[in-house]
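Visitor: I am new to reading protein structures. Could you pick a single part of this one, take a close look at it with me, and then show me what surrounds it and what else is there?

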Amino acid sequence: MKKRNLAVVFGGVSSEHPVSCVSAKSVIENIKKDKYNIYMLGITRDGKWYLYEGDTALLPDDKWIDDKYIFPAFISPDTSVHGICVQRNGSIENIRLDAVHPVLHGKNGEDGTIQGLFQLAQIPFVGCNALSSAVCMDKACTNLIADNAGIKQAKWRSITKYNYDKNADAFLEEAADYLGFPIFVKPANAGSSVGISKAKDMPELKKGMEIAFKEDSKVVLEECIDGYEVECAVLGNNEPKASTVGEILPCNEFYDYEAKYIDGSTGLAIPAKNISEEKINEVRSQAIKAYSALGCTGLARVDFFVGKKDDEVYFNEINTLPGFTSISMYPKLWEASGLPYPDLLDRLAELAIEKGGKI
Ligand SMILES: Nc1ncnc2c1ncn2[C@@H]1O[C@H](COP(=O)(O)OP(=O)(O)OP(=O)(O)O)[C@@H](O)[C@H]1O
Ligand SMILES: [Mg+2]
């Protein structure tokens, strides 16, 4: 069979740029080289695009940017190009692609913006379409749809900066009364726990609103769920499948950016060890329900809490391009469910091609 041309896009203008570069290294190293020609397309922190032909060892810490094997390049929105335009030795070359695998997290990667470009170009791509990506990125939109689909979650409130500034006290009093302290304060669009805080009283809540509004002009407040934190990997287009369920065993106050990526203080248990077999199955079915209600395709990691006291399953959030490093939950969950990492990557590209470029 003819090899397929697959671009892996990494980096990006996002606070999660460093994680993306680490995820991309694992992805590129594990893609089946007998089946795919890989084109590494890097986006710098300030938004410059390059085709990178150097060593994957230089991806972490952005060392690839200083390598001599980088060439200005971009994905053309022109459907007749159907791929990458690269500038090399003074001339422009077009590389036709069969699919794109965006290994980007957070803003400008997971939020529908780059998915819109792939859709314009009619190139098949791994993951959710622009609409679903945008909705899953925005915690207020996600929560609205989850409520509408009858998926149980923490009580919540949301407000824009403009409306908050008009009457902050009335909003905070009503929200505190409805949710009860402690309250989780989150920017609607951020990711990787950036701008999130847990408020124990009104002064902390006010401070938390300020922190969250630095990241986004819309903020979500949530009732605090005292529960085990569990995650499920979902894979597929029209008939999505759920993996086994994993559990986060945190050491910090909550599963924050430090715990996740920097100090390595977080342990994972696969399968989850503090919840029953029955709850594992309930999480799996709720994960598929959320995935379908939010219009996901390709993949997503769906996160839940299982209440320590009431044993109820609460949906928390959905990540349409979850972490993909060798220690990340999504690939580990599939590995534990019998799908090794290279086969998982192959399946993702196949799902993209199956869905096609004209969405
Ligand atoms: N309602 C809640 N009750 C209890 N803990 C919560 C709640 N919401 C968030 N948390 C804690 O805060 C962490 C970060 O919250 P959340 O997952 O919503 O943010 P995120 O920044 O989108 O994370 P991700 O990196 O997974 O995209 C959770 O992993 C959990 O530990
Ligand atoms: Mg999370």
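Guide: Gladly! Let us begin with a term: two residues are in contact, or touch, if their C-beta atoms, placed from the backbone, lie within 7 Å. Keep in mind, too, that this is a predicted model.

The part I would like to pick is Ile 280, which you will find in helix H9, a helix made of residues 277–293. Leaving aside residues up to four places away in sequence, Ile 280 touches Val 245, Pro 271, Ala 272 and Ile 275. Is Ile 280 buried or exposed? A residue is buried if 20 or more other C-beta atoms lie within 10 Å of its own. Ile 280 has 20 such atoms within 10 Å, so it counts as buried.

Now look along the sequence and then through space. Ile 280 and Glu 231 are 49 residues apart in sequence, yet their C-alpha atoms are 9.8 Å apart in space.

Next, follow two of the residues that Ile 280 touches, starting with Pro 271. Pro 271 sits in the loop between S14 and H9. The peptide bond leading from Ile 270 to Pro 271 is cis, and its omega is near -5 degrees. Most peptide bonds are trans, so a cis bond deserves a second glance. There is another cis bond to find, from Phe 181 to Pro 182, also with omega near -5 degrees. Pro 182 belongs to the loop between helix H6 (168–179) and strand S9 (183–187).

Val 245 is another residue touched by Ile 280, and it leads us to strand S13, residues 241–249. S13 pairs with strand S12 (residues 227–236) in the antiparallel sense, over six bridges. Together, S12 and S13 make a hairpin with four residues between them. One bridge to look for joins Glu 229 to its partner in S13, Ile 248. S13 also pairs with strand S14 (residues 267–269), again in the antiparallel sense, over three bridges. There, Leu 249 has Gly 267 of S14 as its bridge partner.

Let us move on to another sheet. An open sheet of seven strands runs in the order S6-S5-S4-S3-S2-S1-S7, with mixed pairing. Its edge strands are S6 (91–96) and S7, each of which pairs on one side only. On average, neighbouring strands of this sheet are turned by 35 degrees against each other, direction ignored.

At the S6 edge, strand S5 (residues 83–88) is joined to S6 by six bridges, and the two run antiparallel. Gly 83, for instance, has Arg 96 in S6 as its bridge partner. In the loop between strand S4 (70–75) and S5 sits His 82. Its phi is near 50 degrees, a positive value in a residue other than glycine. His 82 has 19 C-beta neighbours inside 10 Å, so it counts as partly exposed.

At the other edge, S7 pairs with strand S1 (residues 4–11) in the parallel sense, over five bridges. Val 9 and Pro 102 of S7 are bridge partners. In a regular strand the side chains alternate between the two faces of the sheet. In S7, Ala 99, His 101 and Val 103 point one way while Val 100 and Pro 102 point the other way, and all are buried.

Two helices belong in this picture. Helix H1 (residues 17–30) lies across S1, S2 and S7, running at about 155 degrees to S1. Helix H11 (residues 341–355) packs on the sheet as well, touching S1, S2 and S7, and its direction makes about 125 degrees with that of S7. Asp 343 lies in H11. With 14 C-beta neighbours inside 10 Å, Asp 343 is partly exposed. Asp 343 and Lys 32 are 311 residues apart in sequence but 8.2 Å apart in space, C-alpha to C-alpha.

Finally, step back to see the whole protein chain. It has eleven helices and 16 strands, and 47% of its 359 residues count as buried. Ile 280, where we started, is buried too. Among contacts between residues at least 6 apart in sequence, 66% join residues at least 24 apart. The radius of gyration is 21 Å, which agrees with the value near 21 Å for a compact globule with 359 residues.

Conventions
Residues are numbered from 1 along each chain as its sequence is written. Chains are lettered from A and ligands numbered from 1 in the order in which they are written. This is a predicted model: local features need pLDDT of at least 70, side-chain atom pairs count only at pLDDT 80 or more; totals for chains, interfaces and linings use all residues. Two strands pair if DSSP finds at least two bridges between them. A residue is buried if 20 or more other C-beta atoms lie within 10 Å of its own, exposed if 12 or fewer, and partly exposed in between; C-beta atoms are placed from the backbone. Axes are lines fitted to C-alpha atoms, for helices over the stretch in contact, and angles run from 0 to 180 degrees between N-to-C directions. The radius of gyration is taken over C-alpha atoms; the globule rule is 2.2 Å times the number of residues to the power 0.38.
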